[in-house]
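This report goes through one model of a protein complex, from confidence to chain organisation to selected residue pairs. Please read it alongside the coordinates.

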Amino acid sequence: MKGLAERPVMPANATDLELLRRFEPVVRYTKGEPFYPIDIERYIEECSLWIHNPDGSEQQLVKQGELCVEKLVEIREDPFGTVQFLRFIEPLSLTESAQLLARQRRHKQDNENIFHAGVGRLARGGFLPRMADALFSLTLLLRGRVPAAVAAAAELNYHDLQQKDEKYIYYGRLVRQNGWTALQYWFLYAYNSWRSGFHGVNDHESDWEMVSVYLYEQDEMLIPEWVAYASHDFHGDDLRRRWNDHQQLDLEDGHPVVYAGAGSHASYFQRGEYQAEVSLTLPKWLSSASKAWNNFWRNTLGQSMRQESNPFRIPFVDYARGDGLSIGPDQIKEWSPVQISEETPWVSQYRGLWGLFARDPISGENAPAGPMYNRDGTPRNSWFDPLGYAGLDKVPPPPAELTLLEERCAALDQRKAELADKISKKASELHTMGIEAKAMQGNPHLAKAHMTLEKLVIATSDELKELRRQQSNNDLLLQSLTRRLNRLREGRQDDPRAHIRHLATPVSTSQLRFNRAAETWAAISLSLLLFGFVALIYFAPQFLWGGLALMLIVFVVIESILRGTFIQTVTTTTVILAVISSALLLIHYWRQIIVAGLIGMGVFLLLQKIQELRQ
Amino acid sequence: MRRITDGGKLCFTEDRKKFMINKSKKGKRKRPLAVTVVGVIAMAVVILYLALAALILLRLGVFQTGHIPSEPWLEGSKPTQLGTLLFEAVYLLILGVVTLIIAINFILMRLWAWVALMAWTGITLAINLMRYLYGRPDYFSMLLAVVLVFAINQADVQQVFGIQHREEEVEGLG
């Protein structure tokens, strides 16, 4: 097979740790990232253990400084609805919060580890998505959220821990399933600071991320074939890249390179800035109304619609620039691996959250559970089904595929012969029946027998038709399998991206960078609109609605000029106004409209019939 | 759709380029019926504006005497009757000339004329809706604007003006 020579291989009898080390990833972070993978022992020591009772009350089970793995995994009998959780940062007073935020600012400046978002984040969404964004920010006041000072305290706390003993840990797990050897690399971060540090969607205490490498065995050697990274909004096949897909997968000395999202720690195959979208959960009626409007707009009015024009989606950016710290073999910092499995007590016996339970109903700000469980305590898919998680459960290892194909081709060949035989017999039977039926014609005394035979002819004919359909399908399948078999025998590989339906690609710079005017406008427009609304209420209440509508139109036009979508905006606005006007005309003149419609139809039919008469 | 940029300046996409090439190859594009009808309506509006302006000027005796009456246009800060009539005449003349330019270019199927007509109709509809909200509806003007919008928004009309290509061009801006 082509390309195999350049792949790193390991003997099949290598130890689990040797295998994990040979294929461990290189993780590249974005400048400004404050958290790197930590070991669970030090993290747990810094935490207190709590339970959230079904009645809403919370109770501390183990104090900070007293918690260890043994205490964490102690079996506790709790009623349904109880949530166990760790707390990395204890509740803070207002003074402490202010001090911590000031210390965090100084700390960032001292370390010169400062993140710059660059121009473009605000202008990436249109006017409506920005309104939705503002609403989303406001919902944080109502939903449970992790306070900003917690992020500062976590950053300082983590920094102190690293100062005492600098370590970068991953938890490695090896699973053998269906001919594949899956290597899983789990990373625990003390905190996810995507929202507070990088204008992202959420913050939460602790963060678990995972990267998988899939190997197959050939000639007593293990060879890497696929790599899968956990990422936002992608599932199954879309998570994995083939080892030799060099356009999609960066390798460094035989180690896959991961670009970690700033604050979110989501894993990406390519460095860049990724536009993540959060869809607001809408009430069913609003969602249906939106669908109906889209349908009316596209099909009834015949207007074009851009896919990304959904106003209920808020654009966020996940910065995976890879310009910060790099951890891995031969990098500035190296990994300290720790092996885990179901036998590891903290993996299997602690089902609670690994950080603060912020009581966020949509879970964005609640801490995640460990590698083996979901937040609700159910088993995590990526743990119990490492192949299915990356869509590999249907993919045999390459050496097995050849054998499977040969077996399948042989089976289909046999089926082909069987079908040919059956078809021949049935066709012959049908001929005989045909002759008999023909001979019976003109003999009234054979009418009953003729009728029975006719029914039999129809039934046999149907059977023959079905056999021929099966033969055709069988032949087509056999042809495609034979083609594939020949291709594999010649050593030709498939398109490495044929399995991907949605490819995560960084947004190009030209799409990201709007000019300063657009960015400034995006930043101030919403507030300006609100100020204008207030001014109308106070100074010209008699023109409130008209003034507001006019203001909205002016804002939208300015926005469209800055974003280069003037024509589309003018068209959309005018068509919407025309639809409203049509509705008003319909309400006021429905009788006349019906009469005009009927007259029109009458004239049309009359003209058609006259034309027909003339012809 | 891939956008082609030239030194940061937005240029045509490949589709738009093809459209322009086809346009020049074929020489004359077939004018849809809606374009002709709208063009004729716009011309009728031009005639109406100019005729009204001419009537006002006739009433003021401008055509008979060859000059504007030498009475004052303003009385304090308020316009006199002559001032109001002159203002109306000039307003109608400007409106007529602008509409004439748009109408001619619309019949010649120039993109900017389509955009101008659309924007104009949009403003007319917005004013009509405001009037409706304040209890002074003008249903005839509303109906005319609605017919105009749907007429110039038909797929074939958009195609001859290259509007659909333009919309694809901005895809990806989000």
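The sections below cover confidence, the make-up of chain B, aromatic and charge-ring pairs, one long helix, and three individual residues.

**Confidence**

The model is predicted. For the complex, the predictor reports an ipTM of 0.76 and a pTM of 0.70. Chain B has a mean pLDDT of 78, and 78% of its residues reach 70 or more. Two stretches of chain B stay under 50: residues 1-15, for which the model has 27 contacts beyond four places in sequence, and residues 166-174, with 38 such contacts. Where pLDDT is low, the predicted coordinates should not be read in detail.

**Chain B**

Chain B contains eight helices and four strands. Along the sequence they come in the order β-β-α-α-α-β-β-α-α-α-α-α. The chain has 174 residues, of which 37% count as buried. Among its contacts with a separation of 6 or more, 63% are between residues 24 or more positions apart. The exposed area of chain B is about 10,400 Å², with 66% of it supplied by carbon and sulfur atoms.

Thr80(B) sits in the loop between strand S4 (78-79) and helix H4 (81-107) of chain B. Is Thr80(B) buried or exposed? Its relative accessible area is 15%, and because the cut-off for buried is under 20%, Thr80(B) is buried. Apart from neighbours within four places in sequence, Thr80(B) is in contact with Pro72(B), Trp73(B), Leu74(B) and Glu75(B).

**Aromatic pairs**

Over all chains, the structure holds 33 aromatic pairs. A pair of aromatic rings is described by the distance of the centres and the angle of the planes. The table gives these values for two pairs in chain A.

| Pair | Centre to centre | Angle between planes | Type |
|---|---|---|---|
| Phe23(A) and Trp243(A) | 6.0 Å | 90 degrees | edge-to-face |
| Phe187(A) and Trp335(A) | 5.2 Å | 40 degrees | tilted |

Why is the pair of Phe23(A) and Trp243(A) edge-to-face? Its planes are at 90 degrees, and planes over 60 degrees apart count as edge-to-face, so the pair falls in that class. Phe23(A) is in the loop between helix H1 (16-22) and strand S2 (26-28), while Trp243(A) is in the loop between strand S10 (240-242) and strand S11 (251-252), so the pair ties together parts of chain A that are 220 residues apart in sequence. Phe23(A) counts as buried at 0% relative accessibility, and Trp243(A) counts as buried at 2%.

In the tilted pair, Phe187(A) and Trp335(A) have their ring centres 5.2 Å apart. Phe187(A) belongs to strand S7 (residues 180-192) of chain A and Trp335(A) to the loop between strand S16 (326-327) and strand S17 (336-339), so this pair ties together parts that are 148 residues apart in sequence. Both Phe187(A) and Trp335(A) are buried.

Ring pairs also link a cluster in chain A, made up of Tyr43(A), Phe88(A), Tyr171(A), Trp186(A), Trp208(A), Trp346(A), Tyr350(A), Trp354(A) and Trp383(A).

**Arginine over rings**

Phe23(A) has a further partner: Arg22(A) lies over the face of its ring, at 5.8 Å from the ring centre. Arg87(A) lies over the face of Trp50(A), at 5.5 Å from the ring centre.

**A long span and two residues of chain A**

Helix H12 (residues 398-440) of chain A has 43 residues. What span does H12 reach from its first C-alpha to its last? The value is 62 Å, close to the 63 Å expected at 1.5 Å a residue. Gly442(A) follows H12(A) and has a positive phi, near 85 degrees.

Ile500(A) is placed in the loop between helix H13 (447-489) and helix H14 (509-512) of chain A. At 13% relative accessibility, Ile500(A) counts as buried. Leaving aside neighbours within four places in sequence, Ile500(A) is in contact with Asp237(A), Asp238(A), Arg240(A) and Arg241(A). The C-alpha atoms of Ile500(A) and Asp237(A) are separated by 5.9 Å, although the two residues are 263 residues apart along the chain.

Ala98(A), by contrast, lies in a helix, H4 (residues 94-111) of chain A. With 48% relative accessibility, Ala98(A) counts as partly exposed. Ala98(A) and Ala148(A) are 50 residues apart in sequence, and their C-alpha atoms are 10.0 Å apart in space.

Note on methods:
Residues are numbered from 1 along each chain as its sequence is written. Chains are lettered from A and ligands numbered from 1 in the order in which they are written. This is a predicted model: local features need pLDDT of at least 70, side-chain atom pairs count only at pLDDT 80 or more; totals for chains, interfaces and linings use all residues. Side-chain values use heavy atoms; hydrogens and water are left out. Buried means under 20% relative accessible area, exposed over 50%, partly exposed in between (1.4 Å probe, protein chains only). Contact means heavy atoms within 4.5 Å. Accessible areas come from the Shrake-Rupley method with a 1.4 Å probe; for residues, only the protein chains shown count as cover. Rings of Phe, Tyr and Trp (its six-membered ring) pair if their centres lie within 6.5 Å; planes under 30 degrees apart count as stacked, over 60 as edge-to-face and the rest as tilted. A charge sits over a ring if NZ of Lys or CZ of Arg is within 6 Å of the ring centre and within 35 degrees of the ring normal. The expected span of a helix is 1.5 Å times one less than its number of residues. pLDDT is the predictor's confidence in each residue, from 0 to 100.
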